[in-house]
Amino acid sequence: IGAGLLTMQMFMSGLLRIPLTQFYASLPIVVEITALSALAWKMKIALWKIERNNIKQEFSEPPNRIRQVFIIVLSAWICLKVGSILMETYLRPIWAWDAWANWSASAKIFYYSKSLLLDAPSDEFFGKDAVIRLISYPLHNQLMQVWMALWAGGFDDVLVKFWNPVYLLSMAIYLYLLSDQMTNKIVSLVIVVIFISSPLMSYHSVEVYSDLLLGSYIFFALAAFMNTMNGKYSYLPLIGLFSAMAMFTKDEALFFAVPLMLSALFFLWKNNGKLKDFAFLLIPLTYIIPWYVFKISNNLSLGAERISFNIIFHPEVILGIIWQFLSLSNFNVVFIFFPVLLIISRPTKKFSYLLLPLLCYIGFFVAVYSLTTYYYEHFNRGTVFYRNVLTYYPSVVLLSSLLIKNLIEHPRVKT
């Protein structure tokens with residue numbers, strides 16, 4: 001949340017031609033932290049509280065000693081995996097072409113010019129003359145790199161990307177906490193091991209692509225919705241806020257955020273939500289308004305400028321998607337076991353509220369691959385497909401943990 005608020009404020013400062021220096025970028029953050037700290041102290045708000053609902057297991061757990069060995073081994077594997085990602089992030093600079101051209105080169109120009117380079121025709125914004133990039137892309141990634149460079153004292157191609165593995169670590173910790181509340185320690189550790197075993201996610205954690213960023217905001221928006229449906233209505237603002245931050249990360253987030261918000265609105269309507277509940281859900285969406293007003297007023301496109309639509313349907317795309325999932329090359333067993341879990345577990349009605357936005361988002365990509373020449377050609381190369389899958393991979397793991405909970409509570413076969 002802090003990173004999202006930070007980059008939007010930097011963007012708005014750039015629109016007002018306020019220099020992107022350490023002082024001006026930090027000033028609003030210092031004021032906000034001071035005000036929030038005073039408010040938390042005055043209202044006696046606890047900063048760290050975890051509610052645990054221990055569920056009686058339907059199966060017998062291993063003996064304590066064996067269980068402890070499992071916990072130690074799984075925890076050690078997770079620590080080694082995360083440690084290797086952090087070490088690799090530290091050992092090498094940005095080197096992937098797309099990461100440099102679309103996300104990092106313009107960030108470097110922003111840092112040294114101390115501006116967003118908006119004193120030019122709209123088709124040359126953000127220093128397009130100097131680098132090869134799509135000017136319609138949102139700026140969260142680039143401005144995070146600028147923020148890191150401001151505190152590093154220079155644009156270090158290693159240090160400016162060090163926020164990326166932190167997003168992965170945040171998802172892993174939160175996934176463990178949620179799974180531990182729903183199941184037990186061993187099951188939750190296994191889920192985290194499977195989650196961080198994705199080779200592609202490890203690779204993206206040490207580069208500065210925006211796909212992992214988008215995947216994390218989608219993950220946290222869905223988790224906030226799940227908590228809301230469990231009666232924790234204080235999570236409502238986070239659904240809208242994380243959705244808006246996702247849209248400031250990549251354009252395709254719009255096709256997840258809209259179905260998610262509709263699903264949340266329908267849930268509130270079906271459960272006699274109060275007017276303030278609808279307000280708490282929708283008001284945080286105003287976060288994204290400055291970006292879309294800027295895009296519309298300057299005639300910037302949505303997504304890649306080179307997309308051309310094609311009415312011809314390519315059925316081989318469906319078979320190609322199935323084959324890519326079965327290959328296990330980038331995401332291990334998650335996408336094979338998810339439909340199996342859907343069949344053998346007993347999903348609740350609430351689960352459908354979570355699943356529908358994700359299916360709409362996945363369906364959007366299938367339609368794009370089938371009906372656009374640009375993405376159909378890229379789909380055949382495989383790169384774009386896997387990067388798109390990475391944006392919803394964390395959420396699929398999250399829903400899988402919920403299905404495992406249902407399976408444990410209501411086993412089909414009792415022994």
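1. Asp157 and its partner. In this predicted model, Asp157 is partly exposed, with a relative accessible area of 22%. Its salt-bridge partner is Lys108, and the closest N and O atoms are 3.6 Å apart. Asp157 sits in the loop between α5 and α6 (164–182), while Lys108 belongs to helix α4, so the pair ties together parts that are 49 residues apart in sequence. Lys108 is partly exposed as well, at 27% relative accessibility. The cut-off for buried is under 20% relative accessible area, so neither Asp157 at 22% nor Lys108 at 27% qualifies.

2. Asp98 and Arg387. Helix α4 also carries Asp98. This residue forms a salt bridge with Arg387, with 2.7 Å between the closest N and O atoms. Arg387 lies in helix α18 (residues 383–409), so the bridge joins parts that are 289 residues apart in sequence. Arg387 is buried, and its relative accessible area is 14%.

3. The salt-bridge network. The count of salt bridges comes to ten. Which residues are linked in a network? They are Asp98, Asp211, Lys250, Glu252 and Arg387. Within that group, Glu252 pairs with Lys250, the closest N and O atoms being 3.2 Å apart. Both Glu252 and Lys250 are buried. Buried Arg387 is part of the network too. When checking side-chain placement, readers can view these charged residues together.4. A stacked aromatic pair. The structure holds 43 aromatic pairs. One of them joins Trp103 and Tyr137. The pair is stacked, at 5.0 Å centre to centre and 10 degrees between the planes. Trp103 lies in helix α4 (residues 97–113), and Tyr137 in the loop between α4 and α5 (140–152), so the pair ties together parts that are 34 residues apart in sequence. Trp103 is buried, with a relative accessible area of 1%. Tyr137 is buried too, at 16%.

5. The nonpolar core. How many residues does the largest nonpolar core have? It has 124 residues. Those with the most contacts inside it are Phe126, Phe195 and Trp291. Helix α9 (residues 211–229) gives the most to this core, with 14 residues.

6. Around Trp291. Neighbours within four places in sequence are left aside here. Trp291 is in contact with Phe126, which is also among the residues with the most contacts inside the core. Tyr137, from the stacked pair, is another contact of Trp291. On either side of Tyr137 in sequence, Ser136 and Pro138 touch Trp291, and Leu139 does so too. The rest of the list is Met8, Phe11, Met247, Phe248 and Asp251.

7. Thr228 in helix α9. Thr228 is located in helix α9. Is Thr228 buried or exposed? It is buried, with a relative accessible area of 1%. A polar atom of its side chain lies 2.9 Å from the backbone oxygen of Ala224. Beyond its neighbours within four places in sequence, Thr228 is in contact with Tyr233, Tyr235, Leu236, Ile239 and Phe267.

8. Ser170 and Phe220. Ser170 is found in helix α6. This serine is partly exposed, at a relative accessible area of 32%. Ser170 and Phe220 are 50 residues apart in sequence. In space, their C-alpha atoms are 9.8 Å apart.

9. Cysteines. How many disulfides does the structure hold? The number is zero. Cys79 counts as exposed, at 58% relative accessibility. Cys360 counts as partly exposed, at 35%.

10. Overall fold. The protein has 18 helices and zero strands. Of its 415 residues, 52% count as buried. Take the contacts between residues at least 6 apart in sequence: 81% of them join residues at least 24 apart. The Asp98–Arg387 bridge, across 289 residues of sequence, and the Trp103–Tyr137 pair, across 34, are examples of links between separate parts of the chain.

Note on methods
Residues numbered from 1 in each chain as written. Predicted model: local features only at pLDDT ≥ 70, side-chain atom pairs only at ≥ 80, totals over all residues. Heavy atoms only, no water. Core = buried A, V, L, I, M, F, W, Y, C linked by side-chain atoms within 4.5 Å. Buried < 20%, exposed > 50% of the residue type's maximum accessible area, 1.4 Å probe, protein only. Helix = DSSP H or I, 4+ residues; strand = E, 2+ residues; numbered from the N terminus. Contact = heavy atoms within 4.5 Å. Phe/Tyr/Trp six-rings, centres within 6.5 Å; stacked < 30°, edge-to-face > 60°. Salt bridge = Lys/Arg side-chain N within 4 Å of Asp/Glu carboxyl O. Disulfide = S-S within 2.5 Å. Polar contact = N/O pair within 3.5 Å; in protein donor to acceptor, adjacent residues only side chain to side chain.
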